[in-house]
Structure formats: C-alpha cells, structure tokens
Amino acid sequence: MTDNVKNTIITMMILGTLGFILKKSRVTDKRTDKFLSQLLVNFCTPAVMIYINLTNFSIATFRNSYRSILIAILTMIFMNVIAYGVSKALSLRGMEQGEFISMATFSNTIFVGLPLITGIFGERAVPYLMLYFIGNTLTFWTLGIYQLVRSSGKAFSSRNLLKIINPPIVGFAVGIALLYYNVNLPTYAMDSIYYLRILMTPLSLLFMGSVIGDLKMSSVGSPVTTVLILLLRFVLAPISCLLLLKAFNMPEDLTKVFIVCAGLPVMTNISIAVGKYGGNPSYSSFMTALTSIAFIFVMPFYFELFAFI
C-alpha cells in the first residue's frame, strides 16, 4: 500500500476510535447516532452529490455511466443469488434468511465508502462512487426490500419503491440538472454546500465509531453464518465485480473504485429495514459494526486485486 492509503486508514481508525470512546464514555448515545445519521443522509450527502457534480462531473460522463450502474446492479444480483443459495444450505428461514441475503449483498457506500474513496483516490473518484451508490440504492430498495418483506410474511407494497427517491438520489439528480443547464450557483450557496461536504467525512467516521461502541457479543449469531457473511462481502463480492468490469472493459480508475465499493462493510440501512418489518435488528447492527472493524484489515486484499485489472 502507498503512504497515502496508510495515512487514510490510520486517520479513519483515529476518528472511528474517537467515536467509539465518546459512545463508551456516554458523551454520545443512540439519540446522537440518530441525529448524525439524519444529518449525514438528508443534508451532507445531497450537498456532496451537488458539489461533486458541479466540480468533478460532466454530462459526457453521465451519458456514459449507464453501463457502470448496470455493472453495480449485476454484481449485487449475482451476490444476491449466491447468498440465497448459501442461506438455503444453512437452512435459514423467515427474516433470518432475508437479513443474511441483504448483509451479504449490499454495501455501506456512504458512511464508510465516501471517506475511504476520497482519502485513497481523491475527489476525482467520487463520481464513480456515486454511480455505484445509485446501483446499490436502486437494488436495495427494490430487490432487497422485496426479499425482506417476503421473508417477514407480509405483502410487498409498491409504496416501498418510493424509498428509491431519497435525499442522496435527489441531490444527485439536482446536481446533474444544474450541470446540464449550465447553472452557476451564487458563491454563498456553493460555500454552504462546501461546508456541508467537508462535514461528511469526519462525521461519518465518528458515527461508525459510535455504532461500533454499541457492539455487544450477545448479538453474535452463529459463527458459521458470521464467517460466511465476511467471506461473501470481503472476498466474493469484489472478485465478482472485478470479473464483470473486465468483461465490459471498463476504465481502470472506475474499476478500482468499484472493487472497493463492492467489498465495503454491511449496509447500515439493513438493520433499520429489518426492525421495520418485524425482525430483530441486533444481528445486522452487530455485523455492520464488525465488518467496519474488519474492513480496515481487509483493505490490502483489494489492492492485490488491482494487479488483475
């Protein structure tokens, strides 16, 4: 790994550790976590989308991005099928099955992905992250939610699809519209968006450290299930994404970003969705925290994969 990568990982560990200490010392609590989550998702992330689109994106890039989004979706569909087969082999039933499949399939592209990608590749790589995020979001709020609802025994409603229209996606769409119509925002608006953007990385890391602070061994599920989720997320997902990207002959920079995105920790929204549909979110919350810790030690593996691009 380069010095830049090492510095990024160490920085993430320091800020994550601070979030952990704040939670353990009871300076922060679950209400703080909820506030940070809402601030990051509903305000900081849309600001990042708009800022990056106006400063690092182009209409030509967007027009050529449909293949990138398709590859992200195909990666998740492949992982979904594999995870379903593994869940059947483990004889998982009901919400346990739906939760397992979701954890093995979907990535934490915002809270971990954004600070990591920015730190390693620079802001020029953020548009690629946004493309993976779109695929991740579209697939989770359609296929992922459908499986969770089905696992809970409830009927899937088309109203669930409205969740696709969330603040980050709206922010991305607004940024593209401003770029397409060549709209120049006033300085005070760009400065406000910029300040929200720079809050994104430190607050995301503090939030993840705080979530890890809630990690309880009583929430641990079957060791076999836990190990399989780790293998699916950290090994099979990035390798599958790499093979798809090579098959479509995608650019090298995009390929590197997508490999890392495919192998990010378990998506935070899974535990929220599991709780909403009648399941016990403790295990998925535990896995989000555990994979966030393990991810730091798995990162060198992704750089080994870059040699096969």
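Here are a few friendly notes on a predicted model, covering one helix pair and two single residues.

1. Let's start with helix H1 (residues 3–24) and helix H13 (residues 282–305). Their axes come within 11 Å and cross at roughly 160°. Angles over 145 degrees count as roughly antiparallel, so H1 is roughly antiparallel to H13. The crossing of H1 with H13 is right-handed.

2. Next, have a look at the side of H1 that meets H13. From H1 come Val 5, Ile 9 and Met 13, and they meet Ile 296, Met 299 and Phe 303 of H13. Sorted by type, the residues of this contact are six nonpolar, with no polar and no charged ones.

3. Is Thr 45 buried or exposed? This residue sits in helix H2 (residues 30–56). Its relative accessibility is 2%, and because buried means under 20%, Thr 45 counts as buried.

4. What does Thr 45 touch, once residues up to four places away in sequence are left out? The partners are Leu 40, Ile 110, Pro 168 and Met 200. With Leu 40 there is also a polar contact to look at: the Thr 45 side chain reaches the backbone oxygen of Leu 40 at 2.6 Å.

5. Finally, please turn to Ala 173, which belongs to helix H8 (residues 167–180). Ala 173 has 44% relative accessibility and therefore counts as partly exposed. If you would like a distance to check on screen, try Ala 173 and Gly 153: they are 20 residues apart in sequence, and their C-alpha atoms are 34 Å apart in space.

Technical notes: Residues numbered from 1 in each chain as written. Predicted model: local features only at pLDDT ≥ 70, side-chain atom pairs only at ≥ 80, totals over all residues. Heavy atoms only, no water. Axes fitted to C-alpha atoms, helices over the stretch in contact; angles between N-to-C directions. Helix = DSSP H or I, 4+ residues; strand = E, 2+ residues; numbered from the N terminus. Parallel < 35°, antiparallel > 145°, perpendicular 65-115°, else oblique. Left-handed = near helix turned anticlockwise from the far one by under 90°. Contact = heavy atoms within 4.5 Å. Nonpolar A, V, L, I, M, F, W, Y, C, P; charged D, E, K, R; others polar. Buried < 20%, exposed > 50% of the residue type's maximum accessible area, 1.4 Å probe, protein only. Polar contact = N/O pair within 3.5 Å; in protein donor to acceptor, adjacent residues only side chain to side chain.
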